[in-house]
Amino acid sequence: MKIAQGAPGARILAFGHYQPANVVTNDDLAKTIDTNDEWIQSRVGIAERRLASPEETEIDLAVHAGGKALAASGLPAADIDLVIVATCTMESQIPNAAGRVATRLGIAAPGAFDVNAACAGFCYALSAAADAVRAGSARNVLVVGTEKFSHWLDWTDRSTAVIFADGAGAVVVGPSDVPRVGPVVWGSEGDKSDAIIVKDRRSFLHQEGQTVFRWATTSLHPVARSACERAGIDPSELAAFVPHQANLRIIESIARKIGADNAVIARDIVLAGNTSAASIPMALSRMIERGEVPSGGLALLLGFGAGLTYAAQVVELP
Ligand code: UT7
């Protein structure tokens with residue numbers, strides 16, 4: 001067999017993000033749940049989050065974010081061969097999100113599949129996209145992280161209702177002469193899968209917060225360091241550290257442990273809450289929009305969550 005090769009490397013061409021219009025503050029939540037702004041800000045770091053309207057679906061959020069990334073890439077829809085959607089909050093499991101997002105964006109007949117690795121999903125999907133470009137399976141790939149967590153929450157459970165939120169972030173991945181998406185370092189701990197779970201169709205999200213907190217603050221900094229090693233860089237060379245936005249205390253603890261002394265640390269959770277697979281592309285897209293990170297700078301991404309799954313890679317910013 002004479003195998004046609006893909007590109008020598010892959011790179012992120014452009015970003016896009018979308019948040020629903022409805023801003024919900026901690027004081028808003030305290031009107032119906034036994035909680036308060038001081039607890040949420042000091043324990044989790046969230047000041048406000050956005051929640052989708054009942055009519056707005058996770059597909060709608062993905063279309064907004066994906067459309068922005070596609071427009072920013074300058075590519076016509078016809079140049080996208082593959083659409084990957086990372087999500088764990090699809091209300092309807094069949095059919096998948098990717099095909100519907102592609103159709104709404106005018107991308108005709110691409111490969112289309114969803115990835116469920118929960119809050120690590122975007123990093124898994126980005127890795128699959130970069131591999132597809134390098135292998136010659138796709139020229140350009142649209143990758144979207146989208147979540148409508150609000151319909152999987154028990155709004156009387158203060159341990160989850162104040163944390164999770166809705167949003168979407170997207171990237172277009174295309175070919176590059178040299179690698180600009182580093183090797184992924186990924187893994188899972190299925191023995192801890194009960195720690196974050198929606199048991200069945202009639203259940204809401206349940207999280208053993210302290211178990212996950214301990215795991216995140218003790219097990220993940222070696223994964224982040226290892227992603228830097230695999231990319232051939234020292235953490236001091238990073239322009240940005242963009243971990244999953246689960247808890248500001250987790251973000252700051254991991255940042256201290258990896259020694260990314262010159263990096264801007266993503267703290268998108270303050271205004272976005274925990275948007276699971278959307279949190280990393282959304283945070284990075286907003287950092288770029290605010291001009292906080294330079295074009296050509298290196299960003300370390302670290303996703304982690306239900307599964308328990310994790311994944312990290314270094315990317316060069318467009
Ligand atoms: O995105 C996927 C990955 N997920 C994560 O990484 C989440 C990791 N875990 C965490 O971020 C934290 O464990 C939480 C933010 C979920 C919880 O923070 P915590 O500091 O671990 O609080 P806790 O669960 O130990 O609860 C401490 C106290 C309890 O009261 P008592 O028993 O000490 O009287 C809770 O009942 O805080 C109480 N509490 C609240 N109080 C006010 C729990 N939720 C609330 C609330 N408002 N919303």
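This report describes how the ligand is held in a predicted model of the protein.

## Where the ligand lies

In this predicted model, the ligand sits in the largest pocket. Helix H2 (37-43), helix H7 (209-219), helix H9 (248-258) and strand E13 (298-305) are the elements that each give two or more residues to the shell around the ligand, and among these H7 gives the most, with 4 residues.

Residues of the shell come both from domain 1 (9-176) and from domain 2 (185-316), and the ligand therefore lies between the two domains.

## Which residues surround it

There are 23 residues around the ligand, and those that come nearest are Thr-35, Arg-43, Gln-210, Asn-247 and Asn-274. When the residues of this shell are divided by character, 11 are nonpolar, 8 are polar and 4 are charged.

## Polar contacts and burial

Three side chains can be described through their distances to oxygen atoms of the ligand. For Gln-210, which is also listed with the residues that come nearest, a polar side-chain atom lies 2.4 Å from an oxygen atom of the ligand. For Arg-158, the distance from a polar side-chain atom to a ligand oxygen atom is 2.8 Å. In the case of Asn-274, an N or O atom of the side chain is 2.8 Å from an oxygen atom of the ligand.

The ligand taken alone exposes 960 Å², and the protein buries 75% of that area.

Conventions:
Residues numbered from 1 in each chain as written. Predicted model: local features only at pLDDT ≥ 70, side-chain atom pairs only at ≥ 80, totals over all residues. Heavy atoms only, no water. Near = heavy atom within 4 Å. Polar contact = N/O pair within 3.5 Å; in protein donor to acceptor, adjacent residues only side chain to side chain. Areas by Shrake-Rupley, 256 points an atom, 1.4 Å probe, with all protein chains shown as cover. 1 Å grid on protein atoms, 1.4 Å probe; cavity = no way out; pocket = protein on both sides within 12 Å on 5 of 7 lines; lining within 4 Å. Sits in = over half its atoms within 2 Å of the grid points. Nonpolar A, V, L, I, M, F, W, Y, C, P; charged D, E, K, R; others polar. Domains from an automatic or database assignment.
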